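User: I'd like a close look at the side-chain links in this one, meaning the charged pairs and the cysteine pairs. Could you walk me through them?

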Amino acid sequence: MATLRDPKTTRLQTSLLRSLSLKLAAAPLSKLAALCGCILLASCDGSSKGIGNPDTTAAMDEITLLTNGGNMRAKFEQPDSAEPIDLRTISAPTAREKSDDQLLLSEQARILPFPDMWHFKDLLPNAELFCDEPSNNKFAEIAEKLGGFNKTTSIRIIQDATAPRFYNGFEVDFFKRLRTPEVDNSGAGGGVTIQRPDVVGRTASKAFYLSDTYGLIAVDFSAGPLNNPMTSCSLPLPGTPKNFVVTDSHLFVMINDFKTLSSAILQFDITQPGMTFVDALLFEYEDIIDARLFNDTLTLFTKTYEVDKEAEKRADEIILNGKQDDSLSQSPAGGANIDSSRGFGGININGIQIPYIHRTVIDHQLRILNTKPNLELAYTEVFLPGGELDPNETEIKDIEKTRVWTNFNSFLSASGEYLVVTEKVNERHFDFYERLRRSRCTNYQSEQIPYRYCSTNWQRVENPDYVEPPASGVISCAGSLWDCLQVQLPSVAKYIYVPDGETCHDTFRYKYTCLSYESVEYDVPRYRHEDYTNFHVFRFEGGKFIRLDNKLASLEGKQINVSEKPFRINGTVQKHDHINFSNDILYVIANENRVEQFSLNTLSIVGNSAIFVDNLPLQSEKRYSNLSAVFAKESIYLADGSFANSAMNTISLADPLAPAIDNVIKIPTQLEQLVFDSDTLIGVGRSSVNNGTQQYQTFGTLTGFSPLGEEVSSLILGSDYRFYSSSVNWDDQVLTVDKNLSRVLIPYSVRTPLLGDEAEPQQNRVTLAEYDAGKFTELATLNLPQVPNRTLSIDENSAFSFSNEFIHLLYNDADWKTRALFNGSLPEGIYYSRKFPVHVQAKTLPGDYHFKLIDSPESASGELLDELKVSRAKSNICTQERYLFDRDRVMVVKEKEGTYISHEDCPTDRSQAEVTFTGYRITAEKFTPIEDQDELALLYKQANWNLVCLTDLNNNSGKLIKAEEINQDDAIRCYTYTRYNEIVNQKVDEETTPPQQQ
């Protein structure tokens, strides 16, 4: 049965719906009815209505929602055992109009066209940090094609905490979860200079950062990092910027549009101060999923889609208008290769629900781009999926037939001088029949859908190193096998492939539609599946790519079998870094038998020829759910990411053609990333322990291992706090390892201090540590206003830290210190006063809530009138710490310090947990403390009601509506949010339970 989450969780989901009502603030108060900010649950004469425990079944009692323009009668579900509460009556506030400019700061219309973005930035507190509007027409054109600009600097308009939301019925389908689009990672390399895209990069004298909040920023440290490094203005980028690569003269940003249907490469000249837009290439209906830069040649790996053009057009209107259309949020029609990175009901673009645009994955493409002298497409390799997914087989010959499907991993692997695209192959073999009752398709139609693609012609030419083998096809080796391979292997492959023009192809794909079903008892076929990985290997030679032949020789004893076996291995490759080319050996970690076993496959590639050498089973248990791998010259290190502990495997490469497991140890930490440098293996992870007081503590670990895989030392991160978190655990580009200085920089955050009255509730940190032969020495741990997304080590005494709103210089001056080079701190929300031409900016800091009173009724800019900081709670065991605005008051709610140690101490009804209130009244010039705790307690109680009011109890697909859309004769019914959830849960269960089970 489908069931909604608890009110705390569901409240987050419905915040999207609440944001759609923000334009109410712009309407005259005479029209706003109940949403004018003076909403009270009281009768017209001021008498109170009792509200008790909202979770109990209750009778209905009539209430009046007091408004500036009149009274709204409503029914309220009142619990049986209600104790009356006195509700204050405040006169209606003075009406004040809001301008459209002010509303641009809200969560509505988050997507702005060019040049509206530059008008919007002038409304922000830090408008001076942005670049001027680009004058390049092509930049404006590409911005339009990518869907405009995302207001990543959005500042939400904070609503009155006691204001109800009005719906024209029960909104019962907002429980649908939206899956996050996949994030693809990719590999590093050696040999030629191979660069993996990231959101940070550097040249000899400049660093570059792609901020989620501000866009592209440059830091010039040409005068020396300690001699006043300068930051450029921030350049907002259109679409959804993914990452970039940087050369000495140019920077290339990979960008997908908001719908992830099209993508582009933007080129910037970085030889002058700042960044100058140069050129761009657009790829329509292609989504960039990975990329690599080989010297000056850029390779892109993309998905190509077939798209419902009408649905896309409607989605564009929704994005630009900032309005949701639930009628368009439908699940996709059946068919092969439906992309699974989008949710069932559509995608969410920063608060706007975009309906599912029917898109079918047509193919994957490898695009090769020259970056010098100009950015241009050199050639394209198209990878078509193989086989057709037909669930409607009805004939025995089809059922028992072996079938093959192929698709492609969403990452590139690159190292040495090779680029590898991996193709997943699944072979289905019939095993036996099992008698079951099932629904079966009895009639279906097969439709051929034509489409066209253009790709490079690969001309097959003879490998210049080829030597005709003996007639037997077997080359015998005497003496050293390795020496024999070095001599004989380059001559094995007969062909290579070189680009030779381009051809467009007209082809088709199948679409199956079932026309009728039957439910019968019949023999259901059972299958066994075999998985393989095909390799498409490209060699970067002489500044260009050639493609290796898809044939693989094999080694049998000391004989090279020059066969024509396909270039593939058993099993599937899960991650980009499970493939590595080193010293003419290609090592591949594959997952065999559907997650039950991993193996290390050893192949050798010399020049343009490849041979399969060895297969080493790694584990027979179901382990390595999160396998980390690092390849060194003489060893391979593997660690699984099991939660309680990790198994560290050291594989010896003493004989590179026959790797062997050398050592296996268990360590009490969860290793999630490995890095090797000369004589030190670095393991990064986390651990959890019981500290003996019913509290579990998590902390970070930085572990040093010897080249034999033996633990030498550990550095514990965040041991003074209860909870530790770092994106290093899921983003392998966050950790900075400076191998020249033998130094590590690791960013993380901690919260809930274990000891000390002076400790902040939360701290954002970066720890600098040196390593030597596995031993770590902590140099410094520095606190920052935001947890860094990336760090860069510059020299022995300096480094940079990058977060969404800040760039800091980390420097050593007797001891390590920090200095903000770029301070783009923005308020997270703005509350506009209902009485005075002022607003309050709210910001959550690690130790405080910071409120600023600004003399401006419209934009986020204006004169600072007053400010205050309210300390945050040390812990939140049983209740949620937060701030609330109501009419012209602001209040911070905190758990009473020292009352609770563990969740077991919490009352059954957590709304009864002991809290403290700190409140202030908002006036025209300053904040005035509120001493009356009863007044604040009432505000808190009304906020917890979180009222939902409906005009139609029979409508199960209700939408958020404006108060002025309600007729005075409508029968309005109001519920606490808890009770509203109960009713919606019941309706969802009724709709999803099969009739025979009711």
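User: To start with one pair, how many residues apart are Glu141 and Lys145 in helix 4?

Analyst: Four residues apart: both sit in helix 4, which spans residues 137–145, so the two are separated by about one helical turn. Keep in mind that this is a predicted model. The side chains of Glu141 and Lys145 meet in a salt bridge, with 3.2 Å from N to O. As for burial, Glu141 is partly exposed at a relative accessible area of 40%, and Lys145 is partly exposed too, at 45%.

That pair is one of 30 salt bridges that turn up in a search of the whole structure. Now take Asp198 and Arg790, whose side chains form a salt bridge at 2.8 Å, N to O. This pair links distant parts of the chain, 592 residues apart: Asp198 is in the loop between strand 8 (194–195) and strand 9 (200–202), while Arg790 belongs to strand 48 (residues 790–795). With a relative accessibility of 10%, Asp198 counts as buried, because the cut-off is under 20%. Arg790 has 6% and counts as buried as well.

Asp720 and Arg765 make another salt bridge, at 2.9 Å from N to O. Here Asp720 lies in the loop between strand 42 (711–717) and strand 43 (721–725), and Arg765 is in strand 46 (residues 762–772), so the bridge ties together parts that are 45 residues apart in sequence. The two ends differ in burial class: Asp720 is partly exposed at 36% relative accessibility, whereas Arg765 is buried at 7%. There's a network to look at, too: salt bridges that share partners join Asp886, Arg889, Arg921 and Glu935 into one group.

On to the cysteines. The count of disulfides comes to six. If you number the bonded cysteines along the chain, the pairing in the protein chain reads 1-2, 3-8, 4-7, 5-6, 9-10, 11-12.

Among them is the link from Cys441 to Cys514, with the sulfurs 2.3 Å apart. That passes as a disulfide because the cut-off is within 2.5 Å. The S-S torsion for Cys441 and Cys514 is about 115°, so this disulfide is right-handed. It connects distant parts of the chain, with Cys441 in strand 24 (residues 418–462) and Cys514 in strand 26 (residues 495–541), 73 residues apart. Both Cys441 and Cys514 are buried.

Strands 24 and 26 come up again with Cys454 and Cys504, which form a disulfide with an S to S distance of 1.9 Å. Cys454 lies in strand 24 and Cys504 in strand 26, so this pair ties together parts that are 50 residues apart in sequence. With a torsion of about 95° around the S-S bond, the Cys454 and Cys504 disulfide is right-handed. Neither cysteine falls in the buried class: Cys454 is partly exposed with a relative accessible area of 26%, and Cys504 is partly exposed at 36%.

Then there's Cys477 with Cys484, another disulfide, where the sulfur atoms are 1.9 Å apart. Its torsion about the S-S bond is about -65°, so the Cys477 and Cys484 link is left-handed. Both of these cysteines, Cys477 and Cys484, are buried.

How values were computed. Residues are numbered from 1 along each chain as its sequence is written. This is a predicted model: local features need pLDDT of at least 70, side-chain atom pairs count only at pLDDT 80 or more; totals for chains, interfaces and linings use all residues. Side-chain values use heavy atoms; hydrogens and water are left out. Buried means under 20% relative accessible area, exposed over 50%, partly exposed in between (1.4 Å probe, protein chains only). A salt bridge is a side-chain nitrogen of Lys or Arg within 4 Å of a carboxyl oxygen of Asp or Glu.
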